[in-house]
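Visitor: I am new to this structure and would be grateful for a guided introduction. May we look at it together?

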Amino acid sequence: MCIKFSVVIPLYNKESYVLKTLQSVIVQTYTDFEIIVIDDASTDNSLELVKQLEDTRIRIIEHKKNLGLSSTRNTGINAANNNYIAFLDADDCWHHNFLENIALLIEKFPKQKVFATHYKENYNGTMFTPKTKLPPSKKGTFMVVDDFFKVNLGRLILTQSCIVVNKHVFTTVGGYDEEVTFAEDIDFFIRCFSVFDLAYYNKESHTQNTTVNNSLTQSSTANKKYPNLKKYLGTSDTLDTFINFYLYCFCQRLKTEKRINAVRELRTEINLNSLNIVQIILLYLPHPLYALVVQAKSTLLKRGYQPSSF
């Protein structure tokens, strides 16, 4: 089987990280790929740094104005020459054998269209392997996840930087919603995994950087548009639970940003039967107390512990 990848890297103001990201692709043990860097009108030195690299596999596309992450990913999808499209954010890194592991997945499960591996998180220099709902017996195994939503009621088993998608998927369910500017990956995952299963390697092959200043995990969402997940309700029980869980997550993000009125409005739409008791308590905890919980969680993370309400 001839497997060729198109690596799509959206770029916006990541001058401190993008070269390390690109280097993690260049040194892959599996070498049959092209790299498409889509610069979304960066205002720092990111684009100039990429242009200095002398690798014929790198292709650069420049947006004349900032269009957002969804649009940038769609630009990469449309420009891809190969059927298997791998995504990598410009502040994350692949392990040297990421594409090799994906190629093994494709060979093991040739009928599948979506592939991913597990990942590590870099939190201020402390490395974590996120704990997921997959049983310990599945660690290090190749598998097909036939109910994505059931095993993702907590930490996701993948990130946007360790997923590889066959072009057929985008033809079937569409690309990234360009109206959505926050959690656009969750919106895509719902559409994607309502139709397709996930071929998955339960071993870390990617490191996500969670503490970059202008990343979505760190910046305010005050001017962002959240996805309308409620429109997907009613498809299946596990999807409904997944949607309610993410509405809870959105509330927690809004509460962290002190957008209390938005929290009160959104939480009225959550089916509390989909949450556990700890999540319900956190959902209704007054902001001053919630802020203390967040501070305590941050302290524990710095010391190498992973507190969770999941």
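Guide: Let us begin with a term: a residue is called buried when its relative accessible area is under 20%. Please note also that this is a predicted model.

Visitor: Is Cys 192 buried or exposed?

Guide: The limit for a buried residue is under 20% relative accessible area. Cys 192 has a relative accessible area of 0%, so Cys 192 is buried.

Visitor: Why does the sulfur of Cys 192 form no bond with the closest cysteine sulfur?

Guide: A disulfide requires two cysteine sulfur atoms within 2.5 Å. The closest cysteine sulfur to that of Cys 192 belongs to Cys 162. The two are too far apart for a bond, because the distance is 13 Å.

Visitor: Which cysteine has the sulfur closest to that of Cys 162?

Guide: Cys 162 is itself buried, with a relative accessible area of 0%. Its sulfur lies 13 Å from the closest cysteine sulfur, which is too far for a bond. That closest sulfur is in Cys 93.

Visitor: How many disulfides does a search of the whole structure find?

Guide: The criterion is a pair of cysteine sulfur atoms within 2.5 Å. When the whole structure is searched, the number of disulfides found is zero.

Visitor: In which strand does Thr 117 lie, and what separates its C-alpha atom from that of Leu 158?

Guide: Thr 117 belongs to strand E6, residues 114-123, and is buried at a relative accessible area of 0%. Beyond residues up to four places away in sequence, Thr 117 touches several others, including Phe 98, Leu 158, Cys 162 and Tyr 200. Leu 158 is 41 residues from Thr 117 along the chain, and their C-alpha atoms are separated by 6.4 Å.

Visitor: Where is Val 165 placed?

Guide: Val 165 is buried, with a relative accessible area of 0%. Leaving aside neighbours within four places in sequence, its contacts include Asn 83, Tyr 84, Ile 85 and Phe 170. The place of Val 165 is in residues 163-166, which form strand E9.

Visitor: Is Arg 73, in helix H3, buried or exposed?

Guide: Arg 73 sits within residues 69-79, the span of helix H3. Not counting residues up to four places away in sequence, Arg 73 touches residues including Asp 89, Tyr 176 and Glu 184. The relative accessibility of Arg 73 is 2%, and therefore Arg 73 counts as buried.

Visitor: How are helices H7 and H8 oriented to each other?

Guide: Helix H7 spans residues 237-256 and helix H8 spans residues 260-267; their axes come within 8 Å and cross at roughly 165 degrees. An angle over 145 degrees counts as roughly antiparallel. The crossing angle therefore makes H7 and H8 roughly antiparallel.

Visitor: Which residues of H8 make the contact with H7?

Guide: On the H7 side, the contact involves Leu 247, Phe 250, Cys 251, Leu 254 and Lys 255. By class, this contact has seven nonpolar, no polar and two charged residues. The residues of H8 are Ala 262, Val 263, Leu 266 and Arg 267.

Visitor: At what angle do H7 and H9 pack?

Guide: Helix H9 covers residues 277-284, and its axis is 10 Å from that of H7. Among the residues that meet are Phe 245 and Tyr 248 in H7, and Leu 282 and Tyr 284 in H9. The contact divides into six nonpolar, two polar and one charged residue. The crossing is left-handed, and the angle is about 35 degrees.

Notes: Residues are numbered from 1 along each chain as its sequence is written. This is a predicted model: local features need pLDDT of at least 70, side-chain atom pairs count only at pLDDT 80 or more; totals for chains, interfaces and linings use all residues. Side-chain values use heavy atoms; hydrogens and water are left out. Axes are lines fitted to C-alpha atoms, for helices over the stretch in contact, and angles run from 0 to 180 degrees between N-to-C directions. Helices (H or I, at least four residues) and strands (E, at least two) are DSSP runs, numbered from the N terminus. Angles under 35 degrees count as roughly parallel, over 145 as roughly antiparallel, 65 to 115 as roughly perpendicular and the rest as oblique. Contact means heavy atoms within 4.5 Å. Ala, Val, Leu, Ile, Met, Phe, Trp, Tyr, Cys and Pro count as nonpolar, Asp, Glu, Lys and Arg as charged, and the others, Gly among them, as polar. Buried means under 20% relative accessible area, exposed over 50%, partly exposed in between (1.4 Å probe, protein chains only). A crossing is left-handed if the near helix is turned anticlockwise from the far one by less than a right angle, and right-handed if clockwise.
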